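The following exercises concern a single protein chain and are to be solved with the sequence and the structure at hand. Each task is followed by a solution in steps.

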Amino acid sequence: MLRGTGTLTATGSQCGIHVSQALVVDGCTVDARADGADITDEAVAGVIAGDMAVRGGGRVVAAGAGSGAGVRAYGVYLQDAGLGDGDAGCRLSVDASWLDAAGADGGVACTSGSLVSARFVTPAGGVFGAGSVVDAVGAVAPHVVVEPDVATPPAGETDGRDVPGGGSGEPNGGASPAAGQPGAGPTTDPAVKPAATSPKTNITTKTTVTASSKPKTAAATTATLPKTADNNLIAVSLTLFILGTALLTAVYRC
């Protein structure tokens with residue numbers, strides 16, 4: 001039995017983990033792989049055991065590969081191992097846990113199995129066949145993925161939310177305010193819109209009047225003062241000139 005919260009990584013040529021009877025993975029994480037190096041006429045698998053159980057939220061990744069003559073590659077290979085247990089010794093059980101097994105000749109080779117609070121994600125419609133996990137049409141699945149069945153928890157949460165508090169309460173509450181809002185809404189909106197328009201109009205008018213009045217007054221004043229001063233100066237100069245001429249004439253005569 002492998003139990004705890006740790007992680008175990010095991011690799012080998014024919015198998016990563018080999019147990020003659022039952023292998024139980026309880027809560028921990030296991031990564032077992034076999035590369036099939038120098039193996040012929042044998043089954044190669046990440047895990048080889050009599051039967052296997054994954055429980056307590058355990059996680060197992062198992063993979064087998066090989067290119068030698070007569071090599072059969074599996075992710076998990078469960079066999080009787082000559083113990084005379086028959087089907088009881090070739091069983092896979094997954095209880096609310098994870099399993100990812102892959103091999104060219106089958107992801108999981110077993111004669112029976114069970115899933116408790118878990119489900120086949122791969123293959124789609126997967127089931128336990130006579131000697132391995134097969135897909136919906138009965139073909140051996142080279143990749144098998146089992147995950148906890150999360151359909152039940154979400155359904156419970158949804159039911160709890162939809163029961164009187166979440167579903168029916170909100171609609172009724174929404175209807176009452178909705179009925180009151182239409183009456184108050186239209187009355188309030190018109191009042192707000194004019195208020196926003198008035199300030200804009202007033203500001204524009206004041207700015208225009210102020211800008212145009214001051215410049216015009218200044219311009220008029222400035223233009224008038226120079227003209228008046230020039231006229232007076234000319235008149236005074238002309239008078240002095242006449243008086244000077246008369247004076248000179250009088251002196252000359254004397």
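**Exercise 1. Describe the overall make-up of the protein chain: what share of its residues is buried, and which secondary structure does it contain?**

Step 1. In this predicted model, buried residues make up 25% of the 254 residues in the protein chain.

Step 2. The secondary structure comes to two helices and 17 strands.

Step 3. Of the contacts with a separation of 6 or more, 61% are accounted for by residues 24 or more positions apart.

Step 4. The surface that the protein chain exposes is about 15,100 Å², and carbon and sulfur atoms supply 61% of it.

**Exercise 2. Determine which strands pair with strand β4, and in what sense.**

Step 1. Strand β4 comprises residues 22-26, and four of its five residues are buried.

Step 2. Strand β1 (residues 2-3) pairs with β4 in the parallel sense, over two bridges. Within this pairing, Arg3 has Asp26 as its bridge partner in β4.

Step 3. Strand β7 (residues 51-55) also pairs with β4 in the parallel sense, here over five bridges. The bridge partner of Ala22 in β7 is Asp51.

Step 4. Strand β4 thus has parallel pairings with β1 and with β7.

**Exercise 3. Establish whether Asp26 is buried or exposed, and list its contacts beyond the neighbours within four places in sequence.**

Step 1. Asp26 is located in strand β4.

Step 2. The relative accessible area of Asp26 is 18%. The cut-off for a buried residue is under 20%, so Asp26 counts as buried.

Step 3. With neighbours within four places in sequence left aside, Asp26 is in contact with Leu2, Arg3, Gly4, Arg55 and Gly56.

**Exercise 4. Find the salt bridges of the structure and state which residues they link in a network.**

Step 1. The principle is that side chains of opposite charge can pair when their charged atoms come close. A search of the whole structure finds three salt bridges.

Step 2. Asp26 forms a salt bridge with Arg3, with the closest N and O atoms 3.6 Å apart. Because Asp26 lies in strand β4 and Arg3 in strand β1, this pair ties together parts that are 23 residues apart in sequence. Arg3 counts as exposed at 60% relative accessibility, whereas Asp26 is buried.

Step 3. Arg55 forms a salt bridge with Asp26, and here the closest N and O atoms are 3.5 Å apart. This pair links distant parts of the chain, Arg55 in strand β7 and Asp26 in strand β4, 29 residues apart. Arg55 is partly exposed, with a relative accessible area of 32%.

Step 4. Arg3, Asp26 and Arg55 are accordingly linked in a network of salt bridges.

Step 5. Another salt bridge joins the side chains of Arg33 and Asp31, at 2.8 Å from N to O. Both residues are partly exposed: the relative accessible area is 39% for Arg33 and 21% for Asp31.

**Exercise 5. Identify which residues make a nonpolar surface patch of about 340 Å².**

Step 1. The patch is made by Leu238, Phe241 and Ile242.

Step 2. To place the patch along the chain, consider Leu238, which is found in helix α2 (residues 169-253).

How values were computed
Residues numbered from 1 in each chain as written. Predicted model: local features only at pLDDT ≥ 70, side-chain atom pairs only at ≥ 80, totals over all residues. Heavy atoms only, no water. Buried < 20%, exposed > 50% of the residue type's maximum accessible area, 1.4 Å probe, protein only. Pairing = 2+ DSSP bridges. Contact = heavy atoms within 4.5 Å. Salt bridge = Lys/Arg side-chain N within 4 Å of Asp/Glu carboxyl O. Patch = residues over 30% accessible without salt bridge, like charges linked within 9 Å, V, L, I, M, F, W, Y side chains within 5 Å. Areas by Shrake-Rupley, 256 points an atom, 1.4 Å probe, with all protein chains shown as cover.
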